[in-house]
Amino acid sequence: MSFEKKNPGFSGYKQQPMIFARLASFIREYSIAIISFLLLFILTLFVYTETKHRAEERSERMFNMKAAQATEAIGLRMRDYVQILIGAKALFIASDTVERGPWHTYYTTLNLEENYPGIQGVGYTHVIQPDELEGHTQTIRKEGFQDYKVHPEGKRQVYTSIIFIEPFNGRNLRAFGYDMFSEPIRRSAMQIARDTKQPAMSGKVRLVQETGADEQSGFLIYLPIYKDNADPESIQDRQQLIKGYVYSPFRTKDLMTNILGDEFNDVDLEVYDGTSLSKESILFSTDSTLHYHAEKERPYSKLSSLNIGSHTWRIYISAKPGYGMSVDAGLPYFILSGGSIMSFLMFFIVWSLSNTRRSNHLKQTITDNATSALFIMDRNGYCTFMNPAAEEMTGYQFEEIRKKPLHYMIHYAHPDGTHYPIETCPLDRALPSNNDIRAHEDVFIKKDGTFFNVTCAARPIIENGEPKYTIIEVRDITDEKRAQQAIVESEARFRTMADNAPVMIGIFDEWRQCIYVNKQWLDFTGISFEQVLNSGWSSMVKEQDIAYVEGIYEKAIEEAASFRAEFRMRRHDGKYRWIVSTGTPRLGAEGEFMGHICSIIDITEIKEAEAKVKRNAELLQKLFLEVPALVALVRAPDQQYVLVNPPYSKLYGERTLVGKTFREAHPELGENGFFERMDKVFSSGKAFIGKEIKAAIDKSGNGNLTEGYFNMVYQPLLDSKARVEAVLIFSVEVTELVTARKSMKIINEELSKKNRELIRINNDLDNFVYTASHDLKSPIANMEGLITLLHDILKGKLEAEDEQILGMVGNSINKLKQTISDLAEITKVQKELQDNVEPLIFEEILQDIKGDLNSIINESGAMIYADFEVKGLLYAKKNLRSIVYNFVSNAIKYRSPERQAEVRLHSYMKNNYVVLEVQDNGLGIKQGQQHKLFTMFKRLHSHVEGTGIGLYIVKRIIENNEGRIEVESEEGKGTTFRVYFKQFPGEPRVQQV
């Protein structure tokens, strides 16, 4: 005893083998009980794990379904609102003019407050050009709105005004007359709607309806209306024909509250404007805390996108605390605790019973407490055993179900009511065929006649080498089926929405394989869905763009990021179209990258417009560089050169001007007032135009000034607020022109002096001719009288030779008299150039001349034909008569003796001349003598009397009146004269009869 007290550790050392021995003995004695305990406990853990996992999966599926329903509810409601706008547009199309009364009736008939709560109103905004603004304002004021005006005020290239808005009360009165096109976010949506002809939703805005109380974020949806109900195809036509927009404003909180109602109280929903999920882009949140940005993530959450009217919303939905805490959610813990308890109970039961009873009881306990229904069926098809789970599942007690073969109790009919033959039942055939059946889905029938979905496993039980029984395990999967159906329906809704989207949509996995495309994609490419899945997108891309697209796509996949690419894609007709592809990452439930959702829009028209703008810009740049003038651009407010063209730079000796101020570059111009002119243009915004401005230019930059003269324009360039942004200098050097004009002035003065001298000499010559002809008439008359007197005195005394000489003297005196008369006529023609003109008729002049020439016409038998297309003209009467008289008389005098004389007169217009053509069939003129025809005193035929002065006078008359004369003649055939009478612009024509 004392030893033990002194050495207590020695006692413990002796006791340890005893403990181990007892433990080993206990294990050997109760090995079956321990094993049963462990098996049941492990089974419990397994069932617990599976049940918990399935409960979590079910909660997650339910949450995803609810999140999808919430997103779908928002999308459906927004499509309803778009349909309302389409109906409003139809009202405009159906009516030539929509007035305020019918618009109010349309709105009240819709009963939107009851049928579609959440909408702020339905309105119409009218597009107004600047020159229409005043008239538009007066028209609305005449309707009774005396204070109406378009606001905000200010000058803009185009205006819009809200003229209809229903309900026309409360907050909506603040929107009356508002120009939404003046605000960038609204303008962007309106431009998209206008250019695409489709509904377009704006980004996040503050509505003009907000009063400061209960203020909410807002947005608007627009639908374009074109003039004359047109359906323009090109973007340019749509921009020119836009008439207005029907639209609806929305206060986001009011809208979402009415859409969601009480159905989604167990989740929090956040709506972000655009693809960004920043706090600034939040449109609506059911909770004051933004859970997307919270540090701790909730167990269930989902981020989805919603595209409405060419605009994207990101919707983040998260489950509130306690979501999914239903009976099913607590079932795993109940199973764990219950299974643990049953494990211990099983242990003690087996421990207290014999090995045989303990073994049978363990089996019974397992089957009785199994969650799956268990049946044992004999070779005749009768049920010989069913556990409690089977009784609960079918509603039958064991005594009831064993009365007939099991098939005829729970498996005798199909869900459509048709008979289910036992010969075709795979469960009944498992025993005869000795085959296992696993995961077989079927439909069973409860005692009350209701059908339910199950999954079955069947296995034959072999005794003495022969199959005697079939054990069947059945699990109710009705809830799983419903969940699967919900997923299928959700996918169907997605496909419907995608197929009706106004863009091409494709879904790709993380390996770049296409797994879905919508109808627009198939219509655009013209290939089948199977071909798309097999060939992918690359076969549609233009070969030159493939490397570019793959580079962007590979980077987006590596970074699990969004991407945007513009490239050419082949359309169904073989033509390549420019498209823009935007890809958004697809994320799984755990945030893992699953690929991209891509939207594709045809931007060929936009690219063509951009190319045209680029070409125009290049053309403008080319014009700027090549225009043969001095062009420069000076910016505000420092008056610094930002652009000069080559001629401008060359003028200043290729000195560097860009980057210098106007004063720094040209200090020499300060004394000529150039700085003050430039300052005035910048301050007033009015152009300066100067002609022949004198300037001293330092062309070489060494201080040596060169004087020059310039025509210049300082043209201010204004911004949208009418402020001067820059001044365009446009100048042309006219130094040579000014110098030449000065020289010309000196030359003109000398010419004037010479002209005055020539006029004086000409007058002296005219006076001489007139005086000479006047003074010679008296001596000639005396000589004529003396000859007559001499002839009378010597009458009868003269010999024949003397008589002949005296006659020759008389003839000479007559010729001298005629010559003096012709000289006087020439002088008279020169002095009578300014005779008054009057309307003359060719036919009347011809008839007058035919009267004078009547005797010679009758004597010669000449025929005169006239065809006057132009009936007459403005001319001096005696001059025109002289011209026609000479031509007609000469044609008769110089007729051919071999044929009857014919004279043809014809008039017509040629350019600015009235042409008179006189043609005869007379003797004609030799080619070598035609140039002498109009020479003074020149006669080409001596057998006819004349002085040779007539055609000279005709030529002088015609040329003095700025006309001309032409002649064509062939000897022996005849002559044609053409007279061109000048008709001056603005000169009245003789009325054509």
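In the predicted model, helix α23, which spans residues 674-684, lies across four strands, namely β20 (630-635), β22, β23 and β24, and its course makes an angle of about 140 degrees with β24. The strands beneath this helix belong to an open sheet of five strands, arranged in the order β21-β20-β24-β23-β22 with antiparallel pairing. Because β21 (640-644) and β22 (688-697) each have a single partner strand, they form the edges of the sheet, and one side of each is left without a neighbour there. From one strand to the next, the twist of this sheet averages 30 degrees. Within the sheet, β23 (residues 706-718) and β24 (residues 724-733) are joined in the antiparallel sense by nine bridges, and in this pairing Val713 is placed opposite Phe730 of β24.

A further open sheet, again of five strands, follows the order β26-β28-β29-β31-β30, and its pairing is mixed. Its edges are occupied by β26 (863-868) and β30 (964-970), each of which has a single partner strand, so that one side of each lacks a neighbour in the sheet. The twist in this case averages 15 degrees from one strand to the next. Two helices pack on the sheet. Helix α26 (residues 842-852) touches β26, β28 (902-910) and β29 (913-920), and its direction makes about 165 degrees with that of β26. Helix α28 (residues 877-893) touches β26, β28, β29, β30 and β31, and its direction makes about 175 degrees with that of β31.

Strand β31 (residues 974-982) runs antiparallel to β30, to which it is joined by seven bridges, and it is likewise antiparallel to β29, again with seven bridges. On the side of β30, Val967 stands opposite Phe977 of β31, whereas on the side of β29 the bridge partner of Tyr913 is Lys982 in β31. The strand is mostly covered, with eight of its nine residues buried. The hairpin formed by β30 and β31 has three residues between the strands, and in this hairpin Gly972 adopts a positive phi near 90 degrees.

Elsewhere in the model, a contact between two helices was examined. The axes of α3 (residues 31-94) and α9 (residues 252-260) come within 10 Å and cross at roughly 115 degrees, and the crossing is right-handed. On the α3 side, the contact comprises Ala70, Ala73, Ile74, Arg77, Met78 and Tyr81, which meet Leu255, Met256, Asn258, Ile259 and Leu260 of α9. Classified by residue type, the contact contains nine nonpolar residues, one polar residue and one charged residue.

For the protein as a whole, 29 helices and 31 strands were assigned. Of the 993 residues, 39% are buried, and the protein exposes about 56700 Å², of which carbon and sulfur atoms supply 53%. When contacts between residues at least 6 apart in sequence are considered, 56% of them join residues that are at least 24 apart.

How values were computed
Residues are numbered from 1 along each chain as its sequence is written. This is a predicted model: local features need pLDDT of at least 70, side-chain atom pairs count only at pLDDT 80 or more; totals for chains, interfaces and linings use all residues. Side-chain values use heavy atoms; hydrogens and water are left out. Buried means under 20% relative accessible area, exposed over 50%, partly exposed in between (1.4 Å probe, protein chains only). Contact means heavy atoms within 4.5 Å. Accessible areas come from the Shrake-Rupley method with a 1.4 Å probe; for residues, only the protein chains shown count as cover. Two strands pair if DSSP finds at least two bridges between them. Axes are lines fitted to C-alpha atoms, for helices over the stretch in contact, and angles run from 0 to 180 degrees between N-to-C directions. A crossing is left-handed if the near helix is turned anticlockwise from the far one by less than a right angle, and right-handed if clockwise. Ala, Val, Leu, Ile, Met, Phe, Trp, Tyr, Cys and Pro count as nonpolar, Asp, Glu, Lys and Arg as charged, and the others, Gly among them, as polar.
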